[in-house]
Amino acid sequence: MKLASFWAAGRDRIGFEDADGNVVDIAAAAASQGMPQLTEVRGDLLPLLETEHASWWPALRELHALYGSSQRAALRFAPGEIVWHPPVRRPSKLCCLALNNSANSERILSGPKHPAVFVKPWTSMTGNRCALQIRPAYGRVHPEPELAAVIGRQARDVSAADAMAHVFGYTIHNDFTSPTMRAEDTFHYRAIHPAADNPEQIEYVDTHVSYPGRYKCSDTFSAVGPWLVSADDIADPHALDVSCSHDGRLITQDNTENLFFKLPQVIEFLSSYMTLMPGDIISLGTALRRSGGGMAVQNVDLAKLGGEVSVAISGLGALSNHVERLP
């Protein structure tokens, strides 16, 4: 089932896709069928994900069976009539994996043998067909097309064998990045460590470190959506085609089989350090393989080129955003 958070006809709503590609207002349809567990949740899918699934998922499946076709009248909207929000508008965290594509292997000079992660705030998120806002101070900005998983059950110290039971579904994430701000926020310094031969003394270790507060976390730097597709509709999240285009020109064509660390491993690793909450998003790493030897995503400087960037993942739809230049 494809679920969405959106604004239409004067207020925020949640909905599902019908057979004609329209978005059905869940609360309105549920009210017509006397399903109180679905009538009060409006504007964001997070409250549903935070509730025990057994109390609402069967009712939602029944509702979808009734209103998933155009045979029954309901409050529904065409995709062009709505303002898309990220499916989960305020997750507690958006966890992103760094350099998690096998195409990176030849570029990595040294690095950890486990997943590397950074966390983005929900304020960096924007929806389908919304603007990527870029200021001159940002410098170069490029897209990063990624598959993202959405957590449905709290996960702490979860094994890889049990990890997929904690996944509610999947969405698309475009993890916009500014290499210019990354370079500006990189330190080359002498880190202080306890001396190897005397831990009461110190020694200096030559170190490089950067922090993603600006170059990954600026407003609108995480486009997410348009849909949250339930896990039962995706047979294998590691067999999905991923493409990225700019103004209609295909840039990247990849497949999630090329992700180095797979989702069960990632959930096991992350949940051993941080509790994953319902609605949390795990973005699994950038699709990087170039189409026909063409441009890399890093060459698509959206600050200079402007235009529209689109990410498509099989079974999940397409996520599109246009550049808006701010002073």
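**Figure 1. Strand β1 meets strand β5.** In this predicted model, W7 has V83 of β5 as its bridge partner. The pairing of β1 with β5 (residues 83-85) is antiparallel and rests on three bridges. Look along β1 itself, residues 2-8, and ask how many of its seven residues are buried. Five of them are, so the strand is largely enclosed by the rest of the structure.

**Figure 2. The hairpin of β1 and β2.** Now follow the chain out of β1 and into strand β2, residues 11-17. The two strands run antiparallel and are joined by six bridges. One pair to find is F6 with its bridge partner R13 in β2. Together β1 and β2 make a hairpin, with two residues between the strands. Which residue in the turn has a positive phi? That is A9, with a phi of about 50°.

**Figure 3. Strand β1 beside strand β14.** Here β1 pairs with a strand from much later in the numbering, β14, which covers residues 222-230. Two bridges hold the pairing, again in the antiparallel sense. To find your way, start from L3, which stands opposite L228 in β14.

**Figure 4. Helix α6 and its cover.** Helix α6 spans residues 263-271. Which of its residues are buried? They are L263, V266, I267, F269, L270 and S271. Several elements help to cover these buried residues, including the strands β6 (94-97), β7 (117-120) and β10 (145-151). Also among the covering elements are α4 (160-163), β11 (167-175) and β17 (281-286).

**Figure 5. Stepping back to the whole chain.** After the close-ups, it helps to see where these pieces belong. The chain has seven helices and 19 strands. Its radius of gyration is 21 Å, close to the 20 Å that the globule rule gives for 327 residues, so the chain is as compact as a globular protein of that length. Along the principal axes, the C-alpha atoms fill a box of roughly 75 × 45 × 35 Å. Of the 327 residues, 51% count as buried. Among contacts with a separation of 6 or more, 74% are between residues 24 or more positions apart.

**Figure 6. The surface and the charges.** The accessible surface of the chain comes to about 14800 Å². What share of this surface belongs to carbon and sulfur atoms? The share is 50%. The chain also carries 28 positive and 36 negative charges, and the mean positions of the two groups are 4 Å apart.

Terms used. Residues numbered from 1 in each chain as written. Predicted model: local features only at pLDDT ≥ 70, side-chain atom pairs only at ≥ 80, totals over all residues. Heavy atoms only, no water. Helix = DSSP H or I, 4+ residues; strand = E, 2+ residues; numbered from the N terminus. Rg over C-alpha atoms; globule rule 2.2 N^0.38 Å. Buried < 20%, exposed > 50% of the residue type's maximum accessible area, 1.4 Å probe, protein only. Contact = heavy atoms within 4.5 Å. Areas by Shrake-Rupley, 256 points an atom, 1.4 Å probe, with all protein chains shown as cover. Lys, Arg positive; Asp, Glu negative; His and termini not counted. Charge placed at Lys NZ, Arg CZ, Asp CG, Glu CD. Pairing = 2+ DSSP bridges.
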